[in-house]
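User: Hi! I'm new to this one and would love a friendly walk through it. Could you show it to me?

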Amino acid sequence: MEPTIASILAESSSLKASLAKDPSFLAAVSAAYRLIEGAVKAGGTVYACGNGGSTCDAMHLCEELVARYKRNRPGVRAMHFMDPSMLTCWGNDVGFDDAFARCAETFCTAKDVLVAISTSGNSRNVLAAVAKAKERGAKVIGLLGKDGGKLAPLCDSSVVVPAQATERIQEAHITVIHIWCELLETVGPVAPAA
């Protein structure tokens, strides 16, 4: 059992180590952060959506922004598109592929940013949300995996974890989310006064 555990840990850390040395990946994380920072400075809202584990990542991002990451500071306006009553209502009455799009249509404005999370980059309901958010004037960040899929070229900024294993992509995604939170709380608009 221990060799399997060690192998999983080594594989996970190897991916993150390679990303840490990739200038294009670092630039993508930075560019995406600037969009989040811009929305926060403008008094906008950070929205997020995704499926499965990416749902949990979207909720995690919003929790860290509204409550706190490491430091006491003002809350950041953030909301995920995961309300169960709304999703099941729309999914039952209209269809699940449009459920996130309905949220984007209802909430997104030109001051906001949508973080669209998909390990494949091809989730139909996330693609629909991105299209609707852009129609409403919001900026869109893709937090993606593999080759970025259909979502990468549609986003204003795409952070693509170039791995094939969903679990490794998700582990990198949560690290990127924590990086954004760290930046907001240390150099961004909600950093405590020195």
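**A first look at the surface**

Analyst: Happy to. Together, Met-1, Ile-5 and Leu-9 make up a nonpolar surface patch with about 370 Å² of accessible area. Patches like this take residues with over 30% relative accessible area and no salt bridge; nonpolar side chains (Val, Leu, Ile, Met, Phe, Trp, Tyr) are joined within 5 Å, and like charges within 9 Å. Areas come from the Shrake-Rupley method with a 1.4 Å probe, and for residues only the protein chains shown count as cover.

User: What kind of model is this, and how are residues numbered?

Analyst: This is a predicted model: local features need pLDDT of at least 70, side-chain atom pairs count only at pLDDT 80 or more, and totals for chains, interfaces and linings use all residues. Residues are numbered from 1 along each chain as its sequence is written, and side-chain values use heavy atoms, leaving out hydrogens and water.

User: Back to the patch. Where is Leu-9, and is it buried or exposed?

Analyst: Leu-9 sits in helix α1 (residues 2–20). Its relative accessible area is 56%, so Leu-9 is exposed. Buried means under 20%, exposed over 50%, and partly exposed in between (1.4 Å probe, protein chains only). Helices (H or I, at least four residues) and strands (E, at least two) are DSSP runs, numbered from the N terminus.

User: OK, now the inside. Which residues touch the most other members of the largest nonpolar core?

Analyst: Those are Val-46, Phe-81, Val-115, Val-159 and Trp-180, in a core of 58 residues. A nonpolar core is a set of buried Ala, Val, Leu, Ile, Met, Phe, Trp, Tyr and Cys residues joined through side-chain atoms within 4.5 Å.

User: What is Phe-81 in contact with?

Analyst: Setting aside neighbours within four places in sequence, its contacts (heavy atoms within 4.5 Å) include Tyr-47, Leu-87, Phe-100, Phe-107 and Leu-114. Ring pairs also link Phe-81 with Tyr-47 and Phe-107 in a cluster.

User: How many aromatic pairs are there?

Analyst: Three in the whole structure. One of them is Tyr-47 with Phe-107, a stacked pair at 6.2 Å centre to centre with 25° between the planes. Tyr-47 is in strand β1 (residues 46–49) and Phe-107 in helix α5 (residues 99–107), so this pair ties together parts 60 residues apart in sequence. Rings of Phe, Tyr and Trp (its six-membered ring) pair if their centres lie within 6.5 Å; planes under 30 degrees apart are stacked, over 60 edge-to-face, and the rest tilted.

User: Is Tyr-47 buried or exposed, and what about Phe-107?

Analyst: Tyr-47 is buried, at 6% relative accessible area, while Phe-107 is partly exposed at 36%.

User: Switching to charges: how many salt bridges are there?

Analyst: There are 13. Each is a side-chain nitrogen of Lys or Arg within 4 Å of a carboxyl oxygen of Asp or Glu. Arg-71 and Glu-182 form one, with their closest N and O atoms 3.4 Å apart. This pair links distant parts of the chain, 111 residues apart: Arg-71 is in the loop between α3 (53–66) and β2 (78–80), and Glu-182 in helix α7 (residues 166–186).

User: And what about Glu-135 and Lys-132?

Analyst: Their side chains meet in a salt bridge at 3.3 Å, N to O. Because they are three residues apart in helix α6 (residues 124–135), about one helical turn separates them. Glu-135 is exposed, at 59% relative accessible area.
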